[in-house]
Amino acid sequence: MKKIECTLLLMLFCIVSFAQNDKITFRNNDSVVGEVKHMKQGVLSIETDYSDDDFTIEWIEIKDISTETYFLITLSDGQRYNGKIASNGDGLIDLITDDEGTVVVNKESIVHLESVDKGFWSQVYASVDVGFDMTRANNLRQLTSRSNVGYLAERWSTDLFYNVLNSQQDSVAPVSRDDAGIDFKYYFERKWFALISTTFLSNTEQKLDLRTNGRLGMGTYILQTNAVFWNLSTGASFNKELYEEPENDRDSWEGFVASELNMFDTGDLSLTSKIGVYPGITERGRWRYDFSFDVKYDLPKDFYVRMALTLNYDNQPVEGTSKSDYVFSTGFGWEL
């Protein structure tokens, strides 16, 4: 009987040891064994058998790491590798890759790890938040919602977003604003990428039934670290606008210069800002810009609260409409 029990215990130990292939050691020499899922925005997440929730730790607090998990590895200079990682002392890490052999890098130069052993869903990220305001004065009711979903692969990524505002009150015409879009990036060597995107906007303030804007261009990352991502892109865009009054409809070609700043090494706060400027090509003298600014505060269990500002401007709007339209919203949400 004792032999059977010893055999079962040995089998259980082997199973657990096999399931927990990755090990991280902290600066205080404590260790955790499990399966590293990802490292993004300066935070590493590891799944363990002794906790229902994934364990998270800031990347800078890790002293040593050794994995059997296979990752998509992104460096601060834009290089991308597939492989395992292992510390080799003095703040250096070996990237054990299939194509390049062993590549030695500084720990600080690793800005993103994503497990490629878990399949499609491990590389999907998403968030959704909702805000609702109601006041007795004028019977005001306002609903706002912001949502996005994305996917990151070895050489490309895609992002989709959809934002809504609907407001109604007595003696005032209803106000609505809907904007959505899809963005595709293909990553070259180093920090360069190609982009294709399409955005859609509808708002009552500018009597705009639908603006469809397609962009094609190139971009580069100016900064890409564990604290901040900042990129700059430029190219050409086609703008098709449908208004409440069909005689105002117009099509035009534009250039564009865009920039995105993402700061996340601020504790539980993260800040994202985007701006795109569109000088007219076929409509000389016309120019537009779109701007957004988001502040998100992380709560336990993947919940968060958010404040967001979205603004768009057109120096040649149709007659009788405003040059600018903006939305300020707050919301409570959850992210995957």
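**Exercise 1. Find which residues are linked into a cluster by ring pairs.**

Solution. Ring pairs join Tyr187, Phe193, Tyr221 and Phe229 into a cluster. Keep in mind that you're looking at a predicted model. Now pick out Tyr187 and see what sits over its ring: the charged end of Arg80 is there, 3.9 Å from the ring centre. You can find a second arrangement of this kind at Phe256, where Arg215 lies over the face of the ring, 4.7 Å from its centre.

**Exercise 2. Work out how the rings of Phe26 and Phe55 are arranged, and where the two residues sit.**

Solution.
- Step 1: start with the count. There are 13 aromatic pairs in the structure.
- Step 2: take the pair Phe26 and Phe55. The ring centres are 5.7 Å apart and the planes are at 20°, so this pair is stacked. The cut-off you need is that planes under 30 degrees apart count as stacked.
- Step 3: place the two residues along the chain. Phe26 is in strand S1 (residues 22-26) and Phe55 is in strand S4 (residues 55-58), so the pair links distant parts of the chain, 29 residues apart.
- Step 4: check the accessibility. Phe26 has 11% relative accessibility, so it counts as buried. Phe55 has a relative accessible area of 33%, which makes it partly exposed. The limit for buried is under 20%.

**Exercise 3. Trace how strand S7 pairs with S6 and with S8.**

Solution.
- Step 1: begin with strand S6 (residues 71-75) and strand S7 (residues 80-89). They pair in the antiparallel sense, over 4 bridges. To see one contact, go to Phe71: its bridge partner in S7 is Gly83.
- Step 2: look at the hairpin of S6 and S7. There are 4 residues between the strands, and Gly78 takes a positive phi near 95°.
- Step 3: follow S7 onwards to strand S8 (residues 92-97). These two run antiparallel as well, joined by 6 bridges, and Gly89 stands opposite Leu92 in S8.
- Step 4: look at the turn. The S7 and S8 hairpin has 2 residues between its strands, and Asp90 in the turn has a positive phi of about 60°.

**Exercise 4. Say which parts of the chain the salt bridge of Asp294 and Arg146 ties together, and whether its two residues are buried or exposed.**

Solution.
- Step 1: recall the general idea. Side chains of opposite charge can pair when their charged atoms come close. The structure has 18 salt bridges.
- Step 2: check the distance. In the pair of Asp294 and Arg146, the closest N and O atoms are 3.2 Å apart.
- Step 3: place both ends. Asp294 lies in strand S20 (residues 287-298) and Arg146 in strand S12 (residues 140-152), so the bridge ties together parts 148 residues apart in sequence.
- Step 4: look at burial. Asp294 is buried, with a relative accessible area of 10%, and Arg146 counts as buried at 14% relative accessibility.

**Exercise 5. Find the residues linked in a network of salt bridges, then take a look at one of its pairs.**

Solution.
- Step 1: list the network. Its residues are Arg211, Glu241, Arg250, Glu283, Arg286 and Asp314.
- Step 2: take Arg286 and Asp314. Their side chains meet in a salt bridge at 2.5 Å, N to O. Arg286 is in the loop between strand S19 (269-279) and S20, while Asp314 is in strand S21 (residues 303-314), 28 residues apart. Both Arg286 and Asp314 are buried.
- Step 3: try another salt bridge, Asp298 with Lys296, where the closest N and O atoms are 2.8 Å apart. Here Asp298 is partly exposed, at 28% relative accessible area, whereas Lys296 counts as buried at 12%.

Conventions. Residues are numbered from 1 along each chain as its sequence is written. This is a predicted model: local features need pLDDT of at least 70, side-chain atom pairs count only at pLDDT 80 or more; totals for chains, interfaces and linings use all residues. Side-chain values use heavy atoms; hydrogens and water are left out. Two strands pair if DSSP finds at least two bridges between them. Rings of Phe, Tyr and Trp (its six-membered ring) pair if their centres lie within 6.5 Å; planes under 30 degrees apart count as stacked, over 60 as edge-to-face and the rest as tilted. Buried means under 20% relative accessible area, exposed over 50%, partly exposed in between (1.4 Å probe, protein chains only). A charge sits over a ring if NZ of Lys or CZ of Arg is within 6 Å of the ring centre and within 35 degrees of the ring normal. A salt bridge is a side-chain nitrogen of Lys or Arg within 4 Å of a carboxyl oxygen of Asp or Glu.
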